Amino acid sequence: MFSFAVLPFLLALPVLGAPRPRASCDLIGVTVPIPAGSSLAAPASAVKFVGLGVGIQNYTCAGTGTYTSTGAVAELADISCLVNDSTLPDTATAAWSTSSKTAGQFITSFPALKRASILGEHYFVVNPVTGSGISPKWDFTSASFAGNSQAFVVAAKTGNVAAPTGSQDVDWLSLSAVSGQGELASQIYRTDTRLGQPPSSCTVGSADISVKYVSKYYLLGGTIA
Ligand SMILES: *[C@@H]1O[C@H](CO)[C@@H](O)[C@H](O)[C@H]1NC(C)=O
Ligand SMILES: *[C@@H]1O[C@H](CO)[C@@H](O)[C@H](O)[C@H]1NC(C)=O
């Protein structure tokens, strides 16, 4: 028997079924943490996105017996509301390094990131200029900018500096957009890195490896609104 008492509940159903509320905060005054004296490029515009990258760095064992990078895959969580949380890289890394979840599952279940939405993905593509080798790409077209086919950027490295936190952590980087390769950003920075470095040597012929890492990504400029 239908009762009007259930009406508010029925009306609430689409809300209950929707993703939990996501927080996004303005980034006015937020600056890229460029280490003093480093060769990272100077930021030329305001910070537009700050993501926590949670993912893996891939390596293959080269003929020299050392690992060389074959790219990376990461999910980027919007940490615009967590820019003042200085403990986040360490707490997220401690949990991610022992997690059996995918990066996406990890982000939606890690307490500090509960209200963070997914900005998009970071991965590598064939270098669009030379047609050989790989280039890093940040792609928000299937997450925060779903439906906007220009919400990506392919970039090239402009500077790197050893992580101030130690040799187990991948370098901090500055990158610039490759002309004509997306409108998401004009500059990208990888900072606050945790882990991601391969062992210092390998046995030639051994299998490829993936090393978990966490870092912040700052995206600046670009014409996407
Ligand atoms: C990295 O390695 C994982 C397996 O660990 C694989 O699924 C992924 O496609 C690789 N990505 C790249 C860019 O090499
Ligand atoms: C971070 O701290 C600054 C300075 O205290 C403050 O203005 C800003 O609102 C804070 N941001 C967030 C997202 O909490």
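This note goes through the fold, the disulfides, the two ligand sites, the nonpolar core and a few single residues of a predicted model.

1. Basis. The model is predicted, so local features need pLDDT of at least 70 and side-chain atom pairs count only at pLDDT 80 or more, while totals for chains, interfaces and linings use all residues. Residues are numbered from 1 along each chain as its sequence is written, chains are lettered from A and ligands numbered from 1 in the order in which they are written, and side-chain values use heavy atoms, with hydrogens and water left out.

2. Fold. The protein chain has 3 helices and 8 strands; helices (H or I, at least four residues) and strands (E, at least two) are DSSP runs, numbered from the N terminus. Their order from the N terminus is α-β-β-α-α-β-β-β-β-β-β. Of the 225 residues in the chain, 42% are buried. Here buried means under 20% relative accessible area, exposed over 50%, and partly exposed in between (1.4 Å probe, protein chains only).

3. Disulfides overall. A disulfide is a covalent bond between the sulfur atoms of two cysteines. In this model the criterion is a pair of cysteine sulfur atoms within 2.5 Å, and a search of the whole structure gives 2 disulfides. With the bonded cysteines numbered in sequence order, the pairing is 1-3, 2-4.

4. Cysteine 25 to cysteine 81. The sulfur atoms of cysteine 25 and cysteine 81 are 2.0 Å apart, and the link is right-handed, with 100° about the S-S bond. This pair connects distant parts of the chain, 56 residues apart: cysteine 25 sits in the loop between α1 (7-17) and β1, and cysteine 81 in the loop between β2 and α2 (88-96). Cysteine 25 counts as partly exposed because its relative accessibility is 33%. Cysteine 81 is also classed as partly exposed, at 31%.

5. Cysteine 61 to cysteine 202. The second bond has an S to S distance of 2.1 Å and joins cysteine 61 to cysteine 202. Its link is right-handed too, with 90° about the S-S bond. Cysteine 61 belongs to strand β1 and cysteine 202 to the loop between β7 (187-195) and β8 (209-220), so the bond ties together parts that are 141 residues apart in sequence. Cysteine 61 is buried, at 12% relative accessible area, and cysteine 202 is buried at 13%.

6. Ligand 1. Ile56, Asn58, Thr70, Val73 and Ser210 surround ligand 1, a residue being near a molecule if one of its heavy atoms lies within 4 Å of it. An oxygen atom of the ligand is 2.5 Å from an N or O atom in the side chain of asparagine 58. For serine 210, the distance from a side-chain N or O atom to an oxygen atom of ligand 1 is 2.7 Å. On its own ligand 1 exposes 360 Å², of which the protein buries 43%; accessible areas come from the Shrake-Rupley method with a 1.4 Å probe, and for residues only the protein chains shown count as cover. Both β1 (47-61) and β2 (67-78) supply at least two residues of the shell. By class, the shell holds 2 nonpolar, 3 polar and no charged residues (Ala, Val, Leu, Ile, Met, Phe, Trp, Tyr, Cys and Pro count as nonpolar, Asp, Glu, Lys and Arg as charged, and the others, Gly among them, as polar).

7. Ligand 2. The residues around ligand 2 are Ser80, Cys81 and Asn84. Asparagine 84 has a polar side-chain atom 2.4 Å from an oxygen atom of this ligand. The protein covers 32% of the 360 Å² of accessible area that ligand 2 has on its own. Cysteine 81, in this shell, is also the disulfide partner of cysteine 25.

8. Nonpolar core. The largest nonpolar core has 25 residues, and Phe49, Trp138, Phe140, Leu184, Ile188, Tyr217 and Leu219 touch the most other members. Such a core is a set of buried Ala, Val, Leu, Ile, Met, Phe, Trp, Tyr and Cys residues joined through side-chain atoms within 4.5 Å. At least two residues each come from β1, β2, β5 (152-161), β6 (172-177) and β8. Strand β8 gives the largest share, 4 residues.

9. Glutamine 187. This residue lies in strand β7 and counts as buried because its relative accessibility is 8%. The side chains of glutamine 187 and tyrosine 189 make a polar contact of 3.3 Å. A polar contact is a pair of N or O atoms within 3.5 Å; within protein, one must be able to donate a hydrogen and the other to accept it, and residues adjacent in sequence count only if both atoms are side-chain atoms.

10. Asparagine 160. Strand β5 contains asparagine 160, which is partly exposed at 34% relative accessible area. Its C-alpha is 6.3 Å from that of serine 174, and the two residues are 14 apart in sequence.
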